[in-house]
Amino acid sequence: MAEKGTISIHTENIFPIIKKFLYSDHEIFLRELVSNAVDATQKLKRLSAIGEYKGELGEDLKVKVSVDKEARKIIISDRGIGMTAEEIKKYINQIAFSGATEFVEKYKDKPDANQIIGQFGLGFYSAFMVADTVEINTKSFQEGAEAARWVCDGSTEFEITPSDKAERGTDIILNVAADSDEFLEPARLRTILTKYCKFLPVEVEFEGEVINNPNPIWTKSPSELTDEDYTKFYNELYPFSEPPLFWIHLNVDYPFNLTGILYFPKIKNEFEFTKNKIQLYSKQVFITDEVKDVVPEFLMLLHGVIDSPDIPLNVSRSFLQADSNVKKINTYITKKVADKLNEIFKKDRAGYEAKWNDINVFVKYGMLSDEKFYDKAKDFGLLQNLEGKYFTMEEYKAFVQANQTAKNENQVWLYTTDQEKQHAFIEAAQNRGYDVLKLDSVIDSHFIGMLEQKLEKTTLKRVDADTIDKLIEKEETKDMVLSEDEKTKLKEIFEKAINNTNMMVSVEPLSPEDQPVIITMPEFMRRMKDMAKTGGGGMMFMGNMPDSYNVSVNGNHPIIQRILKARDESKEKIARQAFDLALLSQNMLSGAALTAFVKRSVELIEKE
Ligand code: ADP
Ligand code: MG
């Protein structure tokens, strides 16, 4: 006997509204229907396990998806708990449809419905995004239950009739709408299934083949797993990637539920970071790989999966950020990652150092962006010097204490950003017994600023920021062989020879072995210039300023005497030659200046 009824919702034409607002996400209908089939199967297994269902489970509990292009049908079948006619009325007509009404009312104005649809009991309803008639043919697991058939054509009216279905379970039959032809293509369906259903906990069969891995390793206990299991799974997630460096198995059930595996990728360069994204699952159903807000930003550099039914997907982004579960998840993940790094560092320092090249950007980014992470990472964040030795910050402090403490009692840490270009300065520093750090990645300029803020009484200077004596100013002052008069005279000669107001000339008592002229850019000036280059806030005006340099003339160098004693017309020429040599050593000599230098050099050689 057929029963007809009207679905009680406020909006008469709710279907077209849903269809319109979910336009871009039509494909998720399959995720929703397959998840329902999986839920129904798992419910039956649970009932059987606790003895509430005494019948046979049957051999084949697979969920089966099939498509009939000619007949324009997609069918999703399961051998789960099924529904009685009464249950259809309750769960489909009332609950699913009231969820839909609620959804439309709340989210009319928001286009990103993908994330919210499942949360409103809107799952089943999404079938109408691609079908103009949906049919449920189902038989409940309960003893003596009668099979029922429900049909709805997308209006608010439905029909329930008895069915001759013999087997327990549910078939959902979609009669695909004219504008949804794409979903009749098996290849398209396969793509959707692999995207969303790849790790569903019950086997899903499509075209005679199981398309999912029902027991992904994140659901298992770490004690059951080998390194190979982890690398194999990584490969399953990101088929063409290099093997990961190491991983963290996440597992927490209080105060929120979360499992997952985060991998530290091996990366070739800093721009490759975001290629493979962390995938977010809810009970093994793929939700999204846009994990922004759920995972702290610096951790988005990692790969892997996070599975949590406690991440609210039914809210807008701003709400998500304020959500207390999300905040706790953030804190938890940050802590786990820091603990893991610390553990590797403690257990196997050599191994950790070998990986430092690959993980340093990540650790530094974390230290820069997250105070809590910094507090932990300060003990395992490393500095590398030019000899290739690694130090924690504490260790480095002790290492340079004796030799690199200036007279104002500040430590000065020297670093290079380019060993080739700054070679002369590095050599000068090393001749003094100073240590030079290698800080040459893009993130290092920010990292340096952070170190100075965090470390007490410590300054960082690039090796070429000043002459060696001034880089680290010590008590002892060098004697100057020149008189005040000679100094003034010399300064004038050089200023005239250089003839450039952006070159600030000073005469310094350097060692006779040092270069006769040394060109440096002050640390603060260079940093501001760098910031302007990378678009640093408020520094844009610096970018337009001409480069200005300090020119230190070594008053103690033998050629200075030669300049002072030379005939007037030769003085400037020799001074210019010495200045050009300094430019040359820094790769700053080019064009007409270089041509003039070469010509002058030839003349000077000829004279000898
Ligand atoms: P949700 O899955 O969030 O509960 P849905 O709209 O997807 O919401 O489904 C509504 C309800 O319909 C389910 O809770 C379930 O009771 C019932 N249902 C849907 N599909 C099936 C199925 N294949 N087998 C048994 N019950 C189902
Ligand atoms: Mg559902």
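How many helices and how many strands are there in the protein? The count is 19 helices and 22 strands, and keep in mind while you look around that this is a predicted model.

**Figure 1. The whole protein, before we zoom in.** Start with the big picture: the protein has 608 residues, and 51% of them are buried. Its accessible surface comes to about 30,000 Å², and carbon and sulfur atoms account for 50% of that. Now think about who touches whom. Take the contacts between residues at least 6 apart in sequence: 70% of these join residues at least 24 apart.

**Figure 2. Helix α14, with one face lined by buried residues.** This view follows α14 through residues 484-498. The helix has 15 residues and reaches 21 Å from its first C-alpha to its last, close to the 21 Å expected at 1.5 Å a residue. Which residues of α14 are buried? They are L490, I493, F494, A497 and I498. Look down the axis of α14 and these buried residues fall within an arc of 120°, so they line one face of the helix. Here's a handy rule for reading such a pattern: an α-helix has 3.6 residues a turn, so residues three or four places apart point the same way. On the face of α14 turned away from the buried side, you'll find the exposed residues E484, D485 and K496. What do the buried residues of α14 pack against? Their partners are the strands β20 (503-508), β21 (517-520) and β22 (549-554), along with the helices α17 (558-565) and α18 (568-585). Just after α14 comes N499, with a positive phi near 50°.

**Figure 3. A sheet of three strands beside α14.** The strands you just met as packing partners of α14 show up here as an open sheet of 3 strands. Read across it and the order is β20-β22-β21, with mixed pairing. β20 and β21 stand at the edges and each has a single partner strand, so one side of each is left without a neighbour in the sheet. On average, neighbouring strands in this sheet are turned by 20° against each other, if you ignore direction. Zoom in on β21 and β22: they run antiparallel and are joined by 4 bridges. One pair to look for is I518 with its bridge partner S552 in β22. As a general reminder, strands of a sheet pair through backbone hydrogen bonds, either parallel or antiparallel.

**Figure 4. Helix α18 and its many packing partners.** At 1.5 Å a residue, the 18 residues of α18 should span 26 Å, and the end C-alpha atoms are 27 Å apart, which agrees. The list of buried residues in α18 goes like this: S570, K571, I574, A575, R576, Q577, A578, F579, D580, A582 and L583. Where do those buried residues pack? They sit against the helices α14, α17 and α19 (591-607) and against the strands β20, β21 and β22. N587 follows α18, and its phi is positive, near 60°.

**Figure 5. Strand β5, with a partner strand in β4 and another in β6.** Strand β5 covers residues 148-152 and is mostly covered itself, with 4 of its 5 residues buried. β5 pairs with β4 (residues 131-139) in the antiparallel sense over 5 bridges. Another 5 bridges join β5 to β6 (residues 157-162), and these two also run antiparallel. R149 is a good residue to find: it is the bridge partner in β5 of N137, and R149 also stands opposite T161 in β6. β5 and β6 form a hairpin with 4 residues between them. In the turn, G154 has a positive phi of about 95°.

**Figure 6. Two buried residues, S180 and D444.** First up is S180, in the loop between β7 (169-176) and α4 (186-196). Is S180 buried or exposed? Its relative accessibility is 2%, so S180 counts as buried, the cut-off being under 20%. Leaving aside neighbours within four places in sequence, S180 is in contact with M129 and V130. Next comes D444, found in helix α12 (residues 444-454). D444 is buried too, with a relative accessible area of 2%. Not counting residues up to four places away in sequence, D444 touches K364 and L439. The C-alpha atoms of D444 and V361 are separated by 8.4 Å, though these residues are 83 apart along the chain.

Notes
Residues are numbered from 1 along each chain as its sequence is written. Chains are lettered from A and ligands numbered from 1 in the order in which they are written. This is a predicted model: local features need pLDDT of at least 70, side-chain atom pairs count only at pLDDT 80 or more; totals for chains, interfaces and linings use all residues. Side-chain values use heavy atoms; hydrogens and water are left out. Buried means under 20% relative accessible area, exposed over 50%, partly exposed in between (1.4 Å probe, protein chains only). Contact means heavy atoms within 4.5 Å. Accessible areas come from the Shrake-Rupley method with a 1.4 Å probe; for residues, only the protein chains shown count as cover. The expected span of a helix is 1.5 Å times one less than its number of residues. The arc is that of the directions from the helix axis to the C-beta atoms. Two strands pair if DSSP finds at least two bridges between them. Axes are lines fitted to C-alpha atoms, for helices over the stretch in contact, and angles run from 0 to 180 degrees between N-to-C directions.
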